Amino acid sequence: MTSTSTPPGLARFNELEEHAALAALHEACASTAWARRLLAARPYASPGALYSASDAAMAGLGAADLAEAMAGHPPIGRPRPGDPTSAREQSGMAGAADALKAEMLELNLAYQERFGHVFLICATGRTGEEMRDAVKERIGNRPEQEREIVRTELGKINRIRLARLVEEDA
């Protein structure tokens, strides 16, 4: 099913055994429902087709599935030790001043107390100040409004992670 126009990384993903493909998808997003929907739609003709399937799967997730997806993300400013993905994505906080890191910790805790889950934002390319400003802005949202913002942010993160998965040559 692989054509000459299919990027090598996508061709490899399409050909993975089910358990290996499911594991690769779980690296991108902790939602089992999301991963199973993407797995069921293989093979993908193009990265764009995979990203569209990801967006559709994300749009269809219920509250429990979103909670499962969010549980796979560490708080901003505290990437999991030994997790190069979260460290790379949150690199905007790595060089932040200690005062900003402390403020972000307090804001993360306040956000989590208000909404019951970690503050989630597509941190790739954002500075520590931008992430701090975003949590300050979003902490006043209604829970339903915030859930949809989180869904959008998860979709952005998933696209970035899927791109890394399927567009690599090796």
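This passage walks through how some helices of the model pack together, and then looks at a few single residues.

The structure is a predicted model, so local features are taken only where pLDDT is at least 70 and side-chain atom pairs only at pLDDT 80 or more, while totals for chains, interfaces and linings use all residues. Residues are numbered from 1 along each chain as its sequence is written, and side-chain values use heavy atoms, with hydrogens and water left out.

Helices here are DSSP runs (H or I, at least four residues), numbered from the N terminus. Two packed helices are described by the angle between their axes and the distance between the axes. The axes are lines fitted to C-alpha atoms over the stretch in contact, and the angles run from 0 to 180 degrees between N-to-C directions.

A good place to start is helix H10, which covers residues 143-166. H10 has 24 residues and spans 34 Å from its first C-alpha to its last, close to the 34 Å expected at 1.5 Å a residue; the expected span is 1.5 Å times one less than the number of residues. Its partner here is helix H4 (residues 47-59), packed at an angle of about 150° with the two axes 10 Å apart. The pair is therefore roughly antiparallel, given that angles under 35 degrees count as roughly parallel, over 145 as roughly antiparallel, 65 to 115 as roughly perpendicular and the rest as oblique. H4 passes H10 in a right-handed crossing; a crossing is right-handed if the near helix is turned clockwise from the far one by less than a right angle, and left-handed if anticlockwise. On the H4 side, the residues in contact (heavy atoms within 4.5 Å) are Pro47, Leu50, Tyr51, Ser52, Ser54, Asp55, Met58 and Ala59, and they meet Arg151, Leu154, Gly155, Asn158, Arg159, Leu162, Ala163 and Val166 in H10. By class, that contact comes to nine nonpolar, four polar and three charged residues. Here Ala, Val, Leu, Ile, Met, Phe, Trp, Tyr, Cys and Pro count as nonpolar, Asp, Glu, Lys and Arg as charged, and the others, Gly among them, as polar.

H10 also has a set of buried residues, including Glu146, Val150, Arg151, Leu154, Asn158 and Leu162. Buried means under 20% relative accessible area, exposed over 50%, and partly exposed in between (1.4 Å probe, protein chains only). Gly155 sits in H10 as well and is buried, at a relative accessible area of 10%. Gly155 and Cys29 are 126 residues apart in sequence, yet their C-alpha atoms are 9.3 Å apart in space.

Helix H1 (residues 8-15) has its own buried residues, namely Gly9, Leu10, Ala11, Phe13 and Asn14. H4 and H10 turn up again here, since the cover over those residues includes both of them along with helix H2 (18-28).

H2 also packs against H3, with axes that come within 9 Å and cross at roughly 130°. That makes H2 oblique to H3, and the crossing is right-handed. Glu18, Ala21, Leu22, Leu25, His26 and Ala28 in H2 meet Thr32, Trp34, Ala35, Arg36, Leu38 and Leu39 in H3. Sorted by class, the contact holds eight nonpolar, two polar and two charged residues. In the loop between helix H3 (32-40) and H4 lies Pro43, which is joined to Arg42 by a cis peptide bond with omega at about 0°.

Helices H8 (residues 98-115) and H9 (residues 128-138) form another pair, with an angle of about 30° and axes 10 Å apart. H8 is therefore roughly parallel to H9, and passes H9 in a left-handed crossing. Leu100, Glu103, Met104, Leu107, Tyr111 and Phe115 in H8 meet a group in H9 that includes Met131, Arg132, Val135 and Lys136. The residues of this contact divide into seven nonpolar, one polar and five charged.

Leu107 in H8 is buried at 14% relative accessibility. Apart from neighbours within four places in sequence, Leu107 touches Arg132, Val135, Lys136 and Ile139. Ile139 is 32 residues from Leu107 along the chain, with 8.6 Å between their C-alpha atoms.

Two loop residues round things off. His117, in the loop between H8 and H9, is buried at 16% relative accessible area and, not counting residues up to four places away in sequence, touches Met70, Tyr111, Gln112 and Val150. Arg142, in the loop between H9 and H10, is exposed at 51%. Leaving aside neighbours within four places in sequence, Arg142 is in contact with Arg114 and Phe115.
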